[in-house]
Amino acid sequence: MRISDILRVKGEQVVTVTPETSTERLLGVLAEYRIGAAVVSRDGSVVDGIVSERDVVRALAQRGAGVLAEPVSAIATTRVRTVTPEAQLEDVERLMTQGRFRHVPVVVDGALCGVVSIGDVVKNRIGELETERSTLTEYITGDRA
Ligand code: AMP
């Protein structure tokens with residue numbers, strides 16, 4: 001399955017924050033959209049970084065509550081791994097496993113056009129396995145599952 005197939009169902013909406021956004025405001029955004037990470041972007045299109053709940057937890061543990069007043073640029077990851085819509089689901093799974101992160105922005109010609117999360121990967125993988133199982137069951141028994 002290609003990433004473009006996932007985005008077609010899920011949509012291309014990406015929640016972004018500017019580098020100047022405070023970490024406290026970021027927490028409000030993550031809670032409002034029920035997500036675990038936001039792409040950091042000055043113009044809402046070019047990926048300047050990514051900041052996840054893990055970055056907030058790590059910074060809070062290391063530097064204390066003062067972090068909440070700091071801009072997200074102080075805690076975000078700037079070397080972001082991205083994929084194109086042509087990438088396969090397996091490529092993203094490998095990237096997430098090797099990099100130990102759960103979010104991958106999708107970019108075309110330098111412009112953001114979606115995000116794939118670990119939740120999307122698991123959901124689509126289960127869908128693939130269920131389809132495969134019913135095809136095999138049908139093949140073996142001649143019955144529809
Ligand atoms: P996550 O598992 O996505 O919550 O992120 C874990 C750590 O990886 C955090 O420090 C994130 O800033 C960072 N991170 C998340 N997504 C990416 C990505 N696509 N490329 C590089 N780092 C990332």
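Two strands count as paired if DSSP finds at least two bridges between them. Strands (E, at least two residues) and helices (H or I, at least four) are DSSP runs, numbered from the N terminus.

The model is predicted: local features need pLDDT of at least 70, side-chain atom pairs count only at pLDDT 80 or more, and totals for chains, interfaces and linings use all residues. Residues are numbered from 1 along each chain as its sequence is written, and side-chain values use heavy atoms, with hydrogens and water left out.

**Exercise 1. The sheet**

Task: Give the strand order of the open sheet and state which strands stand at the edges.

Solution.
Step 1. The open sheet is formed by three strands, ordered β1-β2-β3, and its pairing is mixed.
Step 2. β1 and β3 are the edge strands; each has a single partner strand, so one side of each has no neighbour in the sheet.
Step 3. Strands of a sheet pair through backbone hydrogen bonds, either parallel or antiparallel.
Step 4. For β2 and β3 the sense is antiparallel, over four bridges.
Step 5. Ala37 has Ser52, in β3, as its bridge partner.

**Exercise 2. The two sides of helix α2**

Task: Sort residues of α2 into buried and exposed, and find what covers the buried ones.

Solution.
Step 1. Apply the cut-offs: buried means under 20% relative accessible area, exposed over 50%, and partly exposed in between (1.4 Å probe, protein chains only).
Step 2. In α2, residues 23–33, the buried residues are Thr23, Leu26, Val29 and Leu30.
Step 3. These residues lie on the same side of α2 because they cover an arc of only 105° around the axis, the arc being that of the directions from the helix axis to the C-beta atoms.
Step 4. An α-helix has 3.6 residues a turn, so residues three or four places apart point the same way.
Step 5. Glu24, Ala31 and Glu32 are exposed on the other side of α2.
Step 6. The cover over the buried residues includes β1 (16–17), β2 (37–40), β3 (49–52) and α3 (53–63), where contact means heavy atoms within 4.5 Å.
Step 7. Arg34 follows α2 and has a positive phi, near 55°.

**Exercise 3. Two residues and their contacts**

Task: Is His103 buried or exposed, and which residues does Thr82 touch beyond four places in sequence?

Solution.
Step 1. His103 belongs to strand β4, residues 103–108.
Step 2. Its relative accessible area is 16%, so His103 is buried.
Step 3. Leaving out residues up to four places away in sequence, His103 touches Gly36, Ala37, Ile50, Met96, Val116 and Ser117.
Step 4. Thr82 sits in the loop between α3 and α4 (89–99), and with 34% relative accessibility Thr82 is partly exposed.
Step 5. With the same exclusion of residues up to four places away, the contacts of Thr82 are Leu95, Val104, Pro105 and Val107.
Step 6. Thr82 and Val104 stand 22 residues apart in sequence, while their C-alpha atoms are 5.6 Å apart in space.

**Exercise 4. Salt bridges around Arg125**

Task: Which residues are joined with Arg125 into one salt-bridge network?

Solution.
Step 1. A salt bridge needs a side-chain nitrogen of Lys or Arg within 4 Å of a carboxyl oxygen of Asp or Glu; the structure holds 10 of them.
Step 2. Glu90 and Arg125 form one, at 3.4 Å from N to O. Glu90 is in helix α4 and Arg125 in helix α5, so the pair ties together parts 35 residues apart in sequence.
Step 3. Arg125 also bridges to Glu93, at 3.0 Å from N to O. This pair links distant parts of the chain, Arg125 in α5 and Glu93 in α4, 32 residues apart.
Step 4. Glu128 and Arg125 meet at 2.4 Å, N to O. Because they are three residues apart in α5, about one helical turn separates Glu128 and Arg125.
Step 5. Through shared partners, the salt bridges join Glu90, Glu93, Arg125 and Glu128 into one network.
Step 6. Check the accessibility: Glu90 is partly exposed at 29%, Glu93 is partly exposed at 22%, Arg125 is partly exposed at 24%, and Glu128 is partly exposed at 22%.
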